[in-house]
Every structure is written in structure tokens, then in C-alpha cells.
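Hi everyone, thanks for making time for this one. Please bring up the sequence and the structure together, and I'll talk you through what I found interesting.

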Amino acid sequence: MDPNSNSCSFLKVFDVLQPTKVEIPSDFVNLLWGEQIPYGDRIKLFAADNLWIVETENYGLGPVLGDGFGKVVTDSGLQKDDYLLFTSLGPSTLYLDVFKSCVLDNSFITSTRLDDDFIGQFYGSSYKGGSATLYVGDRFWNVKMEALSDKCAFTDGWSNSIRDLALDSRTTFIFTMAGYDTFKLSIFNHQTGTQMYFKKVDVYEHKEKVITNESDLDEDIAGDIVGECTRISSSVDVYQSPLLPTDVSRHLCLSLDNLHHVTVQNQKCELLKLGTRGEKSGNGFRYGFKKWPAFLKLSYIEFGSTMFFTYVKSSHRLMLTKVVHNSTKKRRRS
């Protein structure tokens, strides 16, 4: 389990022979539920634009995601060789990322090679290779990126990472671009598919200044300050996640090489661990959330609502303190 966010993940290849069920790895079960496996319980399964209710079933040697998963298959258009990444947002909530042709946004699944689609999208068709930094936990490696006829491979230095982490040659990796030539590694057990976690690392020698001399509460999250809270209008921009102010990002120690999970609490005191993303802003970067729609849906927040947040420095947590729902209705034509 990730020691910084208390979340855990597992990776599966979509099984066309058994499309309506997904086996939950035993080590993931132990991390999330321990010995109290919630057979028969309903699990909320989120994706960027969808919410499904799926039941956990006792199927043979262990639990599976069963009743309700067929609709996930249909709505997501799952096909052979699609990779499914499940991440816990709580004991009864999972988030689903679907990797089509092993690529999703700025991440890709492979062992040592970047495929042509990924290279063309992020480096251009004329990329001739270069060097890169790979990091995971408290270690990082400088490796060579060698351009091939239709791919790009990590060569010199790659074997050092495998040796240092004592990994099996069949290990599955997710490479996520944290900068033009910097990749964060997510590593998955080749037998179970459950993610293996390591300590965090700051790749840059420069370390962000952490605010320590201000009050425990910082209200400046995003938008306009109204009294003791901060107002955020739930428009299209909010569904793409509001960007955190610089002071909050610094207190959370966010950087392109440290895009960790942040805890967001809704009004029902439910906690979600949301991943963060960087966005170019002027000469620097600002940071927002990758899975913001999941928080909105879990909290039943409608489009056009206004939300008030408070950032609690002692627990590094965003708390939703108030929601004002949009009361504007469409006028009928006369």
C-alpha cells in the first residue's frame, strides 16, 4: 500500500473469455480489506465520465468484481488486450483507468520500450533519442533512450534499475511522464498484478519551501475568497479540476517529480485520495487533480454548483465545507 496516500492498485488485462468478471488479487484484498472480505457488498466504480455499481462475489478461490461489471465493459468499450488499472479511493470505492493499446494520457504500459504512438505524441516523429531520468521510491536512475525504426527503447542504465530493485524480468511497469525527460515508474507484481510501493523521491536537488509559520488553516484554495471560505464555481473548468494556488502547492510539496495523492474530504466525511497533475502556467507550473470528476460524483455535486473548501495544513487535507447548488432553471419557450 502507498504509505503516503493509504491507497492501493492492481492491474489486469481485459479477459475476453470471462468479460463480466474481474478477479481481485489476494494481496490487494489483504491491503484493502484484511480478513473481512465484503462478499455481496456493492462497490462504487468510477471512471472519468462514469459511475457504476458493481457487486463483489465469492468466485472459486477468492473475490471478484461480478454483477454490474458487464455494464462497465459495454460503456467503456473494452476490447482484447486493454489494460485495466483499479485504484482504491476508499474501502468501497475504486477508480478505473483504461489503457488502450497500452497508452493513457501521459502514461504507457511496457517493459523497456516506448511505442511509436507514444513517441510521436510526446516527442514528435523526428525524435532521435537522448537521455532520461527514471525514478521510483527513494531511488532514481539515468538511462539512455535509443531511437529505433518504430519505437524508442531504454538501454544503458535500465538494467541497473532492475537489479537495484530486485525485480523479475516479467515485471509490468507503467511509465508516467513527469517532465520532458523524466518518468515516474509504477511497478506491478507479475504474478498478481498488484502494485508494489516504494518510498518517495525528489529528483530535483532544489527543494520546495514548506510553509511553517502561518496558521493551521489556509483558506486560499482557488477562486474568490468569501468570508472564511473560498468559492469555486462548478463550471467546465471545475470538472477539469481547479488549480491549486502556489502557496498550497508548496505546502503539499507538489512538483513535476512529486505528483503524489492528496486527501479530499466531502461533506459526508468520506475521504478520497486523488492523484495530482501539473499544468504549464507562464514560466512555471500549477497543479490540480487527475480524478476530480470522481470526487464530484461521489459527493453528488451537480454541474453549476458553488463549492467552499478549507485547506487544513496539519493533515494536508482539503475539506469541502459548503455546497450551494445552482437553482437556475431553463426558461420555457412561450
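Let me start with a term: a residue is buried when its relative accessible area is under 20%, exposed when it is over 50%, and partly exposed in between. C8, at a relative accessible area of 0%, is therefore buried. And please keep in mind throughout that this is a predicted model.

While we are on cysteines, have a look at C102 too. With a relative accessibility of 24%, C102 falls in the partly exposed class. How many disulfides does a search of the whole structure find? The count is zero.

Now the overall picture. The protein chain has seven helices and 25 strands. Of its 334 residues, 46% count as buried. If you take the contacts between residues at least 6 apart in sequence, 55% of them join residues at least 24 apart.

Next, the sheet I'd like you to turn towards you. Seven strands make up an open sheet with mixed pairing, and the order is β1-β6-β7-β3-β4-β5-β2. Which strands are at the edges? They are β1, residues 9-13, and β2, residues 22-23, each of which pairs on one side only.

Let's take the β2 edge. β2 runs antiparallel to β5, residues 62-65, and two bridges join them. Within that pairing, V22 has L65 of β5 as its bridge partner. Helix α2, residues 69-76, packs on the sheet, and its direction makes about 140° with that of β4. The strands that α2 touches are β2, β3 (42-47), β4 (50-59), β5, β6 (83-90) and β7 (93-99).

Over at the other edge, β1 and β6 are antiparallel and share five bridges. You can find the register from S9, which stands opposite T87 in β6. On to the next pairing: β6 and β7 are joined by seven bridges, again in the antiparallel sense. Here S88 is opposite L94 of β7. These two strands, β6 and β7, form a hairpin, and two residues lie between them.

So, is β6 buried or exposed? Seven of its eight residues are buried, so β6 is largely enclosed by the rest of the structure.

One residue to click on in that strand is Y83, which lies in β6. In sequence Y83 and F14 are 69 residues apart, yet their C-alpha atoms are 6.0 Å apart in space. Setting aside neighbours within four places in sequence, Y83 is in contact with L11, K12, V13, D97, V98, F99, C102 and I109. You'll recognise C102 from a moment ago, the partly exposed cysteine at 24%.

Let's move on to charged pairs. How many salt bridges does the count come to? There are six, and I'll show you some of them.

My favourite joins K100 and D82, whose side chains meet with an N to O distance of 2.7 Å. This pair links distant parts of the chain, 18 residues apart: K100 is in the loop between β7 and β8 (103-104), while D82 is in the loop between α2 and β6. How do the two partners compare in burial? D82 is buried, at a relative accessible area of 4%, whereas K100 is partly exposed, at 33%.

Another salt bridge brings together the side chains of D164 and R163, at 3.5 Å from N to O. D164 is partly exposed, with a relative accessible area of 32%, and R163 is exposed, at 55%.

Then there is D168 with R170, where the closest N and O atoms of the salt bridge are 2.9 Å apart. D168 is partly exposed, at 26% relative accessibility, and R170 is exposed, at 55%.

Last stop, a histidine. Where is H260 found? H260 sits in the loop between α6 (246-251) and β20 (262-265). At 13% relative accessibility it is under the 20% cut-off, so H260 counts as buried. A polar atom of the H260 side chain lies 2.6 Å from the backbone oxygen of L252.

That's my tour, friends. If you look at one thing again afterwards, make it β6, with seven of its eight residues buried. Happy to take questions!

How values were computed. Residues numbered from 1 in each chain as written. Predicted model: local features only at pLDDT ≥ 70, side-chain atom pairs only at ≥ 80, totals over all residues. Heavy atoms only, no water. Pairing = 2+ DSSP bridges. Helix = DSSP H or I, 4+ residues; strand = E, 2+ residues; numbered from the N terminus. Contact = heavy atoms within 4.5 Å. Axes fitted to C-alpha atoms, helices over the stretch in contact; angles between N-to-C directions. Buried < 20%, exposed > 50% of the residue type's maximum accessible area, 1.4 Å probe, protein only. Salt bridge = Lys/Arg side-chain N within 4 Å of Asp/Glu carboxyl O. Polar contact = N/O pair within 3.5 Å; in protein donor to acceptor, adjacent residues only side chain to side chain. Disulfide = S-S within 2.5 Å.
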